[in-house]
Number of protein chains: 2
Amino acid sequence: MYVTIRDVAVAAGVSIATASRALSGEPNVSAASLRAVLSASERLGYRTNTVARSLRTRSTGTVGMVVPRISNPYFPRLVEAVERQLSTAGRELLLCDSQNDPDLEASRVDALLDRRVDGLIFIASDSRRSAATAARAQRSVRIVLMDRSVTGVRLDFVGVDNALGVRMVVAHLRQAGCASFGFVSSRTVDSSARARLSAYRRAVGRFDKDSAARTLLGDYSVEWGREATRTLMSAGPLPDALVCGADVVALGVNAELTEAGVSVPDDVAVTGFDDIAFASVSTPPLTTLRQPTDEIGAAGVRLLTGRIDGADGPAVIESLPPELVVRGSSSRRRVAG
Amino acid sequence: MYVTIRDVAVAAGVSIATASRALSGEPNVSAASLRAVLSASERLGYRTNTVARSLRTRSTGTVGMVVPRISNPYFPRLVEAVERQLSTAGRELLLCDSQNDPDLEASRVDALLDRRVDGLIFIASDSRRSAATAARAQRSVRIVLMDRSVTGVRLDFVGVDNALGVRMVVAHLRQAGCASFGFVSSRTVDSSARARLSAYRRAVGRFDKDSAARTLLGDYSVEWGREATRTLMSAGPLPDALVCGADVVALGVNAELTEAGVSVPDDVAVTGFDDIAFASVSTPPLTTLRQPTDEIGAAGVRLLTGRIDGADGPAVIESLPPELVVRGSSSRRRVAG
DNA sequence: ATGAGAAGTGGAAACGTTTACACCCCTGTG
DNA sequence: CACAGGGGTGTAAACGTTTCCACTTCTCAT
């Protein structure tokens, strides 16, 4: 079926050891042997069996990645960035979807460890319940947390500066004349949701004490954005601005408001987080915070491959700044009165 | 570092062979041995090394999947469906992104074959240039084409019925009063783009001979939708309807029209293809064809695992019908005059 | 001329499993 | 009582690599 290195060695008239050395570019091989092996390999269409190599070298050249839900459009961008980086580093990506379920997540991590991945990129679905999984994985493999952190475990982490982002967008809204706020986001099961909520509270709480009543937490989905908006509309007058914890939520909020005849941004300003591709095609286009996706992916892979190659030292935390992208959903607010 | 089956065997006081048999649930193991092995395994935290197992059994329990571009929001849904199906079948997914480049695609397929995947799910980036890659892969592994086919190779395929979809949407638009048409889609490098274009021509060509001039082909992106729309607007009067080859394109078209003050659907109806999550939050919401993503993923995995388990027979082609989802971008067309 | 060292090579062990095969012991049947 | 057959077990081979080690040959300095 498959051509093995033994076939190549026989065809080239050398031993398996010499064939192996020639194929892996080791120095101590004569020019004649090298030529013979390479041409035999070419002629026979030899491809090295990475399973056997992995067993012998105790390294698979594979990195596992666990994402909470690949259909959430923010994660594919991260996966794409990671995959591209890994591929240039000659490594393969083993992808798992935890479906936001910490138990399923744990079993997927186990499956990855069983496959002897060299490293793990972990987007934790639950900052508390994923901690044990991360800690356990840490004992057998190098691991870097991406985008979402976990509590109580000292591990490398790379993600966006959520607090900075929220401060930027609130400052922008206040400058645009907004005085009252609401917040629609995900329940604080993951670290990003938690960081965004607490930054929002710190930024808004002091001057808008009604904002607490207008804080609605659900999940990262269009449907939740719509539902929260209906709740807010039926509860009383809307605030000047609705800050959303993610673009998917903001797009739902915007759609529901628009369909109800509420003008965005003239009646209510709306902002998102992430800057997914569809933030720019809504009506009005969505003001949001652009995640440095490529940088996060690159930094994560760099960190991880460094660790795999033996880099030691304390856990590194890389917090990258987002970029405020001002679009129509917040910009041309009509001045009151 | 890792606990091996040898450690378990020693701790249980049996041979490696017996330990292996006990762990894999073979019948001929005494109750006493079984108990001893299982408890030793538990106590020591043994996890079987799948690399060694794969080498011996010549099967990795892994399926490779190649997608053209994971950040195109249609593919994550497919990946999610496939991943879920595989995971219940106890298999792992090795994901590669070909970035729509047939050469990169070929090298990613090689990498997957080197890793001895048991099967391959292949979304071909180019119906012609990917054919050689598929044919080569076919020689060493079971393979099923998904969503996009290739020319000239007899292989299992599962995807949506593109021609049916286009016929459905054109019929709907004509019923809504549209008499002149335009088509904005991707260049026909992949089989879906080709099938949609030819179905469109067949459906529209006979009664709107100007439609050929309003056929613009680029790629699957929001930007291309915007660019094509600008071209159309500057070229003369717009048709009654713009049929788009994908939702991403249609959302770009809709945004560009709306920003230019053209009313959708009153001046121009717009339709998409795929029914991605964001089709429903645009203004107006997008009429489109919903892909049976879960069914495609399930059928693909079923087909592939069947082949892996030895099913023989001629290549199977599964063409699943899309569902027309009528929303605001086409429905309430004002009657002419 | 001799010895040290380098270059080139092959044999064989190792990675951690699964499994073919041989063996032993027991039971039940002739 | 012999013996067939089956349950339970261990030894060892195999999967396809990489790599340690020993060996030969050659070069060059002494």
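Biologist: By what turn and what shift along the axis can chain B be laid on chain A?
Modeller: In this predicted model, a turn of 180° and a shift of 0.1 Å along the axis lay chain B on chain A, with an RMSD of 0.1 Å. The two copies are thus related as by a two-fold rotation axis.

Biologist: Which residue of chain B comes closest to that rotation axis?
Modeller: That is L94(B), whose C-alpha lies at 2.4 Å from the axis.

Biologist: What share of the contact residues of chain B recur in chain A?
Modeller: The figure is 100%, and the same surface serves both copies.

Biologist: How many residues does each chain bring to the contact?
Modeller: Chain A gives 39 residues and chain B gives 39 residues. On the side of chain B that touches chain A, at least two residues each come from helix 4, helix 5 (74-88), strand 2 (92-97), helix 6 (102-114) and helix 11 (247-259). By class, that side of chain B has 19 nonpolar, eleven polar and nine charged residues.

Biologist: Take helix 4 of each chain. At what angle do the axes cross?
Modeller: The axes of helix 4 of chain A and helix 4 of chain B cross at roughly 135° and come within 9 Å. That makes helix 4 of chain A oblique to helix 4 of chain B. The crossing of these two helices is left-handed.

Biologist: Which residues meet there?
Modeller: From helix 4 of chain A they are V51(A), A52(A), S54(A) and L55(A), and they meet V51(B), A52(B), S54(B) and L55(B) of helix 4 of chain B. Six residues of this contact are nonpolar, two are polar and none is charged.

Biologist: Turning to the DNA, which residues are closest to strand C?
Modeller: The closest are S15(A), I5(B), A17(B), S20(B) and A52(B), among 29 residues that surround DNA strand C. Two or more residues each are given by helix 2 (16-23), helix 3 (31-44) and helix 4 (50-57) of chain A, and by helix 1 (5-12), helix 2 (16-23) and helix 4 (50-57) of chain B. The surface near DNA strand C comprises 13 nonpolar, eleven polar and five charged residues.

Biologist: And which are closest to strand D?
Modeller: For DNA strand D, which 29 residues surround, the closest are I5(A), A17(A), A52(A), S15(B) and A17(B). Here helix 1 (5-12), helix 2 and helix 4 of chain A and helix 2, helix 3 (31-44) and helix 4 of chain B each supply at least two residues.

Biologist: Within chain B, how is the crossing of helix 1 and helix 3 handed, left or right?
Modeller: Helix 1 of chain B and helix 3 of chain B make a right-handed crossing. Their axes cross at roughly 125° and come within 8 Å. That makes helix 1 of chain B oblique to helix 3 of chain B. D7(B), V8(B), A11(B) and A12(B) of helix 1 make the contact with A36(B), V37(B), A40(B), S41(B) and L44(B) of helix 3.

Biologist: Last topic, the backbone. Where is the cis peptide bond that involves P284(A)?
Modeller: It joins T283(A) and P284(A), with omega about -5°. P284(A) is in the loop between strand 9 (269-271) and strand 10 (288-290) of chain A. In chain B, the peptide bond from V264(B) to P265(B) is cis, with omega near 10°, and P265(B) lies in the loop between helix 11 and strand 9 (269-271).

Biologist: What is phi of Q99(B)?
Modeller: Phi of Q99(B) is near 50°, a positive value in a residue other than glycine. Q99(B) lies in the loop between strand 2 and helix 6 of chain B.

Terms used. Residues are numbered from 1 along each chain as its sequence is written. Chains are lettered from A and ligands numbered from 1 in the order in which they are written. This is a predicted model: local features need pLDDT of at least 70, side-chain atom pairs count only at pLDDT 80 or more; totals for chains, interfaces and linings use all residues. A residue is near a molecule or strand if its C-beta atom, placed from the backbone, lies within 6 Å of it. Helices (H or I, at least four residues) and strands (E, at least two) are DSSP runs, numbered from the N terminus. Ala, Val, Leu, Ile, Met, Phe, Trp, Tyr, Cys and Pro count as nonpolar, Asp, Glu, Lys and Arg as charged, and the others, Gly among them, as polar. Two residues are in contact if their C-beta atoms, placed from the backbone, lie within 7 Å. Copies are superposed by least squares on the C-alpha atoms of residues with pLDDT of at least 70 in both. Axes are lines fitted to C-alpha atoms, for helices over the stretch in contact, and angles run from 0 to 180 degrees between N-to-C directions. Angles under 35 degrees count as roughly parallel, over 145 as roughly antiparallel, 65 to 115 as roughly perpendicular and the rest as oblique. A crossing is left-handed if the near helix is turned anticlockwise from the far one by less than a right angle, and right-handed if clockwise.
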